[in-house]
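Welcome! Here are some short exercises, each with a worked solution. Take a look at the sequence and the model, then work through them at your own pace.

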Amino acid sequence: MDFKTSQISCGQMETDHFCETMLSYAKLVSELEQKVNRMVFESYGVEKNYESHVGSTTYLLRVMKYRAPQMDESEVGSQTHTDKSFITILHQNQVNALEVQARNGQWIAVDFPLASFVVMAGDAYMAWSNDRIHAPRHQVNMSGNKSRYANGTIFIPQRDSTDTRRASG
Ligand SMILES: O=C(O)CCC(=O)C(=O)O
Ligand SMILES: [Fe+2]
């Protein structure tokens, strides 16, 4: 299920408790994304472009369920990919399955506790930063017998905002 959080609307589900919970979650995650971006923009000396970047960013929240693999089943999860977005913020239940490839090629199994988030750079951030920020390849690789629930909020700048306001250098 996708929500466009910039519109703060769930259509027909407006009064639904689940919907409101997800919108509150999306707002909090958006604040985290803005904090991360502010730090990055400041560290690259382009903080004057921060407000317009925030203003041009759209948000999409995805709710995902990965089932546990059945007997003799392998490769349950997602394919290896990089995200096309600027930033993706992930949150999960207690079931770890995310694997991220470091710059040196090594795959790292991400162990992230319930109260934490993974902030992942996507291709757009890598392009904007002239490759300073690495957009890692990653995948979900399920094992064990518990389902994994995860939320992925992707932050996407609208057209033209990435190539006109790059970090210099
Ligand atoms: O479920 C996850 O932790 C990763 C999801 C993901 O890679 C994505 O939504 O792009
Ligand atoms: Fe991804």
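An oxygen atom of ligand 1 lies 2.6 Å from an N or O atom in the side chain of tyrosine 66. Keep in mind that this is a predicted model.

**Exercise 1.** Find how far polar side-chain atoms of histidine 81 and histidine 138 lie from an oxygen atom of ligand 1.

*Solution.* Start with histidine 81: the distance is 3.1 Å. Next, take histidine 138, where it is 3.0 Å. Now look at the ligand's surface: on its own, ligand 1 exposes 300 Å², and the protein buries 95% of that. Finally, place the ligand in the protein: ligand 1 sits in the largest pocket.

**Exercise 2.** Work out which strand gives the largest share of the shell around ligand 1, and sort the shell residues by character.

*Solution.* First, list the strands that supply at least two shell residues each: β2 (57–66), β7 (138–140) and β8 (148–157). Of the shell, the largest share comes from β2, with 3 residues. Then sort the shell: 6 residues are nonpolar, 2 are polar and 3 are charged. Among the surrounding residues are Arg62, Met64, Asp83 and Leu90.

**Exercise 3.** Decide whether asparagine 130 is buried, partly exposed or exposed, and do the same for aspartate 131.

*Solution.* Begin with the location: asparagine 130 is in the loop between α3 (123–128) and β7, and aspartate 131 lies in the loop between α3 and β7 too. Partly exposed covers the range between under 20% and over 50%. Asparagine 130 has 30% relative accessibility, so it counts as partly exposed. Aspartate 131, at 49%, is partly exposed as well. As a last step, check the backbone: asparagine 130 has a positive phi of about 50 degrees without being a glycine, and phi of aspartate 131, also not a glycine, is near 70 degrees.

Key: Residues are numbered from 1 along each chain as its sequence is written. Chains are lettered from A and ligands numbered from 1 in the order in which they are written. This is a predicted model: local features need pLDDT of at least 70, side-chain atom pairs count only at pLDDT 80 or more; totals for chains, interfaces and linings use all residues. Side-chain values use heavy atoms; hydrogens and water are left out. A residue is near a molecule or strand if one of its heavy atoms lies within 4 Å of it. A polar contact is a pair of N or O atoms within 3.5 Å; within protein, one must be able to donate a hydrogen and the other to accept it, and residues adjacent in sequence count only if both atoms are side-chain atoms. Accessible areas come from the Shrake-Rupley method with a 1.4 Å probe; for residues, only the protein chains shown count as cover. On a 1 Å grid over the protein atoms alone, a cavity is a set of points where a 1.4 Å probe fits but cannot get out, and a pocket is an open set with protein on both sides within 12 Å along at least five of seven lines; lining residues have an atom within 4 Å of a point. A molecule sits in a cavity or pocket if more than half of its atoms lie within 2 Å of its grid points. Helices (H or I, at least four residues) and strands (E, at least two) are DSSP runs, numbered from the N terminus. Ala, Val, Leu, Ile, Met, Phe, Trp, Tyr, Cys and Pro count as nonpolar, Asp, Glu, Lys and Arg as charged, and the others, Gly among them, as polar. Buried means under 20% relative accessible area, exposed over 50%, partly exposed in between (1.4 Å probe, protein chains only).
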